[in-house]
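Here are some exercises to work through with the model open in your viewer. Try each one yourself before you read the solution.

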Amino acid sequence: MKHVLSSEQYTRESLDELFDLADKIRNDPKKYSHKLDDKIIAIMFYEPSTRTRLSFETAALKLGAKIITTENAAEFSSAAKGETIQDTVKVIAGYADAMVIRHKSDTSAMDAASVNKIPILNAGAGKGEHPTQSLLDMYTIKEKKGRLDNLKVAILGDLLYGRTIHSLLKLLSLYNNIEIYGLSKEAFSLPQEYIDMLKSKGIEYKKCSSFDELPKDLDVIYHTRIQAERFEGDFGKEEFIINKEVLNRFSENTILMHPLPRVIEISTDVDDDPRACYFEQAHNGLFIRMALLLQVLDKA
Ligand code: NCD
């Protein structure tokens, strides 16, 4: 049974395969429009989402699949009555051919996959991982920079609770000559386990405390929102805001990424800058998620 649970399951080769398939779908969508005609995809979101849910639903529909969906499973599914994820999957496996899940528990996707009856796609698990986001992030970096080796990447925002950051670091660590710079409020620093993971792959993590400490020739600035729903208490607002003046300190080849939704960390005055690519990034998610659905259902 194929699942998409963690970025850890990917290699350089499997990323190439996925990106090739995404390119093929993008260049000839008609060819793929009936590949999943007889399939039903269950979309179970226990946490809010715009892009991930709608892009998975669109991906399924564009491949000819039908969807069954609950946009607020925490409130409207039997989880509200205390049903476990495993029981939910056992039931859904009788209706659908694959299930996409977003849930506040870090182990939710693994728990769902442990039933091993239908492919599970992790669409965000607590503060743990969000592998499909990082796959589309890497696809976007490859498209924009033409390579995945030899990159200087700065990660900003919520490095503690940001699951997109966690999944992205695991994928970046597969490549050669990667430099990672971190800039966040102290309370949202990158957990030691990720610093150790990078170190074990020969990547030294460079923690910075101001924009001045970041190299001017960064290839990628990846900003994220403070995940206020994941903690209690007030740690204040984002301090490191990218606006026109800040972005102009960096090279004309530095791309600016964000998984979205953005709050205040990127000001709208940079949206028209050719280096800002967060909306393209979101669009790329569609092709990656189509490719992932084909792969897990053995229709690639
Ligand atoms: C992210 C998430 O849900 O982790 N959103 C997304 O899927 N693009 C980022 C966020 O919510 O801040």
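**Exercise 1. Find the place of Asn116 in the chain, and decide whether it is buried or partly exposed.**

Step 1. Keep in mind that this is a predicted model. Start with the elements on either side: Asn116 sits in the loop that runs between α5 (108-113) and β4 (120-125).

Step 2. Now for accessibility. The relative accessible area of Asn116 is 44%. Buried means under 20% and exposed means over 50%, so Asn116 comes out as partly exposed.

Step 3. Look for contacts, skipping residues up to four places away in sequence. Asn116 then touches Met1 and His3.

Step 4. Finish with a distance. Asn116 and Leu148 are 32 residues apart in sequence, and their C-alpha atoms are 33 Å apart in space.

**Exercise 2. Describe the surroundings of His103, starting with the strand that holds it.**

Step 1. Locate the residue: His103 belongs to strand β3, which covers residues 98-103.

Step 2. Check how much of it can be reached. His103 has a relative accessibility of 13%, and because that is under the 20% cut-off, it counts as buried.

Step 3. List the contacts, again leaving out residues up to four places away in sequence. His103 touches Tyr46, Glu47, Ile85, Ser108, Gly124, Ala125, Gly126 and Arg163.

Step 4. Zoom in on the side chain. It reaches the backbone nitrogen of Ser105 at 3.0 Å.

**Exercise 3. Compare the settings of Glu143 and Ser173: which element or loop holds each one, and is each buried or partly exposed?**

Step 1. Take Glu143 to begin with. You'll find it in helix α6, residues 131-145. With a relative accessibility of 39%, Glu143 is partly exposed.

Step 2. See what Glu143 meets. Setting aside residues up to four places away in sequence, Glu143 touches Arg26 and Asn284. With Asn284 there is also a polar contact of 2.9 Å between the two side chains.

Step 3. Add a long-range distance. Glu143 and Ala291 lie 148 residues apart along the chain, while 16 Å separate their C-alpha atoms.

Step 4. Turn to Ser173. This residue is in the loop between α7 and β6 (178-183). Its relative accessibility is 6%, so Ser173 counts as buried.

Step 5. Look at its partners. The side chain of Ser173 reaches the backbone oxygen of Lys170 at 2.8 Å. Beyond its neighbours within four places in sequence, Ser173 is in contact with Met197, Leu198, Lys201 and Ile203.

**Exercise 4. Work out where the largest pocket lies relative to the two domains.**

Step 1. Get the domains straight. The domain assignment gives domain 1 (7-130 + 285-296) and domain 2 (131-282).

Step 2. See how they sit together. The domain centres, taken over C-alpha atoms, are 25 Å apart, and 31 residues of domain 1 are in contact with 29 residues of domain 2.

Step 3. Bring in the pocket. The largest pocket holds about 370 Å³ of space. It is lined by 20 residues, and Arg102, Arg163, Arg225, Leu260 and Pro261 are the closest to its centre.

Step 4. Sort the lining. It divides into four nonpolar, nine polar and seven charged residues. The helices α2 (51-62) and α7 (163-172) each supply at least two residues.

Step 5. Draw the conclusion. Domain 1 and domain 2 both give residues to the lining, so the largest pocket lies between them.

**Exercise 5. Do the same for the largest cavity: where does it lie, and which helix gives the most to its lining?**

Step 1. Count the candidates. Searching the whole structure turns up one cavity of 30 Å³ or more. The largest cavity has about 50 Å³ of space.

Step 2. Name the lining: Arg51, Ser55, Gln133, Leu136, His258, Pro259, Tyr278, Gln281, Ala282 and Arg289.

Step 3. Sort these residues by type. You get four nonpolar, four polar and two charged.

Step 4. Assign them to helices. At least two residues come from each of α2, α6 and α10 (278-296), and α10 gives the most, with four.

Step 5. Place the cavity. Both domain 1 and domain 2 give residues to its lining, so the largest cavity lies between them.

Technical notes:
Residues numbered from 1 in each chain as written. Predicted model: local features only at pLDDT ≥ 70, side-chain atom pairs only at ≥ 80, totals over all residues. Heavy atoms only, no water. 1 Å grid on protein atoms, 1.4 Å probe; cavity = no way out; pocket = protein on both sides within 12 Å on 5 of 7 lines; lining within 4 Å. Points joined across faces, edges and corners; volume = space filled by probe spheres on them. Nonpolar A, V, L, I, M, F, W, Y, C, P; charged D, E, K, R; others polar. Domains from an automatic or database assignment. Buried < 20%, exposed > 50% of the residue type's maximum accessible area, 1.4 Å probe, protein only. Contact = heavy atoms within 4.5 Å. Polar contact = N/O pair within 3.5 Å; in protein donor to acceptor, adjacent residues only side chain to side chain.
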